[in-house]
Structure formats: structure tokens, C-alpha cells
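Let's go through this one by asking simple things of it and working out each answer in turn.

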Amino acid sequence: MPKRHSERDRQRPQRESVIAEVQRATQELLVAETSQEVAQLTAETAEQLFGYESIVVRLATETGVLEPVVVTEHAAFEMGDRPEYDCDGETPVARAFRRGD
């Protein structure tokens, strides 16, 4: 009697591919030399690996502001110019930052 392959077995190559891409992205992040490069790699990985279209990556500045440093074309089209947020503010972005999300 032929062996039946489970759904898990059929999805294994895809999972292995995703794991390999996460490892590749991690290696690129480890050798990134600037915060801007890390932000760009983060956005590219989220877009390519997970299929996200609207991505905004913010960096906290020395003046306590969450500054958008990478905004995908889709995010810019859908949401327009993205504002800076005060790290101590009460916006969802600032609260997520303070929680470490």
C-alpha cells in the first residue's frame, strides 16, 4: 500500500525555504553597518519573506522621536507621508515602542 503524505510533509519544503531565508536575512542584519541599513533590510525581509506591502520602519532618535526612515511605496500610497512620533507620546506607535513590540 503506498504511503500517504500528510499536509505537514507536503509543506516541509516551503517551511525549509522560509527558514533558510530567515537565516540569510539574519546574517545580513548581523553585518549591517548602519541603523539605516538595518531598517532597509528589515523592510525588505518583511516584504519579500512575509508578503507585507505597507511597511514603515522607524528609528528612535537621540531627541526622543520615532522617525520613519523606510516607507514602502504601498505604505506611502495608502497612508501618505508618515509623521514622526514622540517616544513618550500616547500614540499606538509610541506605546508599542515603549513595550518593546
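Q: Before we look at the surface, what goes into a patch?
A: A patch is built from residues with over 30% relative accessible area and no salt bridge. Nonpolar side chains are then joined when they lie within 5 Å.

Q: This is a predicted model, so keep that in mind; which residues make the nonpolar surface patch of about 360 Å²?
A: One member sits in a helix: Phe-50 is found in α2, which covers residues 35–50. Together with its partners it makes up that area of about 360 Å². The full set is Val-18, Val-22, Phe-50 and Tyr-52.

Q: In what order do the three strands of the sheet run?
A: Start with the pairings: β1 and β2 are joined over five bridges, while β2 (residues 65–71) and β3 share two bridges. Both pairs are antiparallel. β1 (56–60) and β3 (85–86) each have a single partner strand, so they stand at the edges with one side left without a neighbour in the sheet. The order in this open sheet is β1-β2-β3.

Q: Which residue in β2 is the bridge partner of Arg-58?
A: β1 and β2 pair in the antiparallel sense. On this ladder Val-57 has Val-70 as its bridge partner in β2. For Arg-58, the partner in β2 is Pro-68.

Q: Which residue in β3 stands opposite Leu-66?
A: β2 and β3 pair over two bridges. Val-65 stands opposite Asp-86 in β3. Leu-66 stands opposite Tyr-85.

Q: Which residue in the turn of the hairpin has a positive phi?
A: The hairpin is formed by β1 and β2, with four residues between them. The phi in question is about 80°, and the residue is Gly-64.

Q: Which helix gives the largest share of the lining of the largest pocket?
A: This pocket has a volume of about 160 Å³. Its lining is Arg-58, Leu-66, Val-93, Ala-96, Phe-97 and Asp-101, which divides into four nonpolar, no polar and two charged residues. Three of the lining residues come from one helix, spanning residues 92–99. That helix is α4.

Q: How far apart, N to O, are the side chains of Glu-16 and Arg-12 in their salt bridge?
A: Side chains of opposite charge can pair when their charged atoms come close. Glu-16 and Arg-12 both lie in helix α1 (residues 7–31), four residues apart, or about one turn of the helix. The structure holds six salt bridges, and in this one the N to O distance is 2.8 Å.

How values were computed: Residues numbered from 1 in each chain as written. Predicted model: local features only at pLDDT ≥ 70, side-chain atom pairs only at ≥ 80, totals over all residues. Heavy atoms only, no water. Patch = residues over 30% accessible without salt bridge, like charges linked within 9 Å, V, L, I, M, F, W, Y side chains within 5 Å. Areas by Shrake-Rupley, 256 points an atom, 1.4 Å probe, with all protein chains shown as cover. Salt bridge = Lys/Arg side-chain N within 4 Å of Asp/Glu carboxyl O. 1 Å grid on protein atoms, 1.4 Å probe; cavity = no way out; pocket = protein on both sides within 12 Å on 5 of 7 lines; lining within 4 Å. Points joined across faces, edges and corners; volume = space filled by probe spheres on them. Nonpolar A, V, L, I, M, F, W, Y, C, P; charged D, E, K, R; others polar. Pairing = 2+ DSSP bridges.
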